[in-house]
Amino acid sequence: MKSRLEVNNIGKTFYSDWGEVEALKSISFTSSKSEFISIVGPSGCGKTTLLRIIAGLEKPSTGEVLIEEIPVRGPGHDRAVVFQDPRLFPWLTVEQNAAFGIEDSNKDEAKSKLDNILQLVGLENFRKAYPYELSGGMAQRVAIARAFAFKPKVLLMDEPFSALDAQTRSRMQMELVDLWQQTAKSVILVTHDISEALLLGQRVLIMSSSPGIIKETIEVPFDYPRDVDSLEFIKLKKYITSRVY
Ligand SMILES: Nc1ncnc2c1ncn2[C@@H]1O[C@H](COP(=O)(O)OP(=O)(O)O)[C@@H](O)[C@H]1O
Ligand SMILES: [Mg+2]
């Protein structure tokens, strides 16, 4: 079977007036179809840089990323990114924001796609609302709906829930698992929240900094939905925490 995503020996060095930073070094991992991978690591270890490289928004210094065996040369509709802030257009409605970038040639198909997705994220009654009328959690759900509207093969998320209150975050986490299970995408979730990584990921990649490397990969042995209060969960969370900090 073709692998969905291959990250081969990615390195990234930034050069600036005050010197150079080796943000990533020899990052390699592969993902089969519809896997959910979490990435954790301390601030500055290169998580965002890695996600931007996979998204095609940043060029690596070494190595390459393949999506179904095709090298990434720039952004593409096979990948979607959800950033930490929702980045909506204030002058567009919820549905226009969610549909933004979908080609005109596909309007009919796109519209039925969009109906499904707005329903999945619970925003079907807010399609005509503008961003200023939405709570932070709703705005982030629009961003997630937009990411799903493209039917990407790979969904890249950079701390998508970190700005939300605890209750909304927890609901969104469950919604994400639902969406993922219903749509068979590969998800790469970057988070600094170890509980979240372990709650959602089938695999957790632990990074460390200077240079940014993957220092350990954990195969998470739990089914969904996960019991955060179970002894096994707490034990594994403690272990990962001890490896990150
Ligand atoms: N455009 C850039 N120019 C220079 N240095 C950068 C740039 N982007 C990131 N870095 C540096 O690369 C390292 C990794 O950053 P980042 O990927 O944002 O880490 P994380 O998301 O894990 O906090 C940091 O040392 C950061 O300062
Ligand atoms: Mg970051």
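Which elements each supply at least two residues of the shell around ligand 1? They are β1 (5–16), β2 (19–31) and α1 (47–55). Keep in mind that this is a predicted model. Besides the ligand shell, there's an open sheet of six strands to look at, plus a helix pair, α4 and α5.

**Around ligand 1**

- Of the contributing elements, α1 gives the most to the shell, with three residues.
- The residues around ligand 1 include a run from Ser 43 through Gly 44, Cys 45, Gly 46, Lys 47 and Thr 48 to Thr 49.
- Phe 14, Ser 16, Val 21, Ala 23 and Gly 41 are also among the residues around the ligand.
- By class, the shell has seven polar residues, four nonpolar ones and one charged one.

**The six-stranded sheet**

- Reading across the open sheet, the strand order is β6-β7-β8-β3-β9-β10, and the pairing is mixed.
- β6 (79–82) and β10 sit at the edges, each pairing on one side only.
- From one strand to the next, the twist averages 20°.
- For a parallel pair, look at β7 (residues 154–158) and β8 (residues 186–190), which are joined over five bridges.
- Within that pair, Val 154 has Ser 186 of β8 as its bridge partner.
- For an antiparallel pair, go to β9 (residues 203–208) and β10 (residues 213–219), which six bridges join.
- Here Ile 206 stands opposite Glu 216 in β10.
- β9 and β10 form a hairpin with four residues between the strands, and Ser 210 in this hairpin takes a positive phi near 55°.

**A helix across the sheet**

- Helix α7 (residues 231–244) lies across three strands: β3 (36–40), β9 and β10.
- Relative to β9, α7 runs at about 25°.

**The α4 and α5 pair**

- The axes of α4 (residues 136–149) and α5 (residues 166–183) come within 11 Å and cross at roughly 15°.
- Angles under 35 degrees count as roughly parallel, so that label fits α4 and α5.
- The crossing of these two helices is right-handed.
- On the α4 side, the contact is made by Gly 137, Gln 140, Arg 141 and Phe 148.
- On the α5 side, Thr 168, Met 172, Leu 179 and Thr 183 make the contact.
- Sorted by class, the contact between α4 and α5 has four polar, three nonpolar and one charged residues.

How values were computed:
Residues numbered from 1 in each chain as written. Chains lettered and ligands numbered in written order. Predicted model: local features only at pLDDT ≥ 70, side-chain atom pairs only at ≥ 80, totals over all residues. Pairing = 2+ DSSP bridges. Near = placed C-beta within 6 Å. Nonpolar A, V, L, I, M, F, W, Y, C, P; charged D, E, K, R; others polar. Axes fitted to C-alpha atoms, helices over the stretch in contact; angles between N-to-C directions. Parallel < 35°, antiparallel > 145°, perpendicular 65-115°, else oblique. Left-handed = near helix turned anticlockwise from the far one by under 90°. Contact = placed C-beta atoms within 7 Å.
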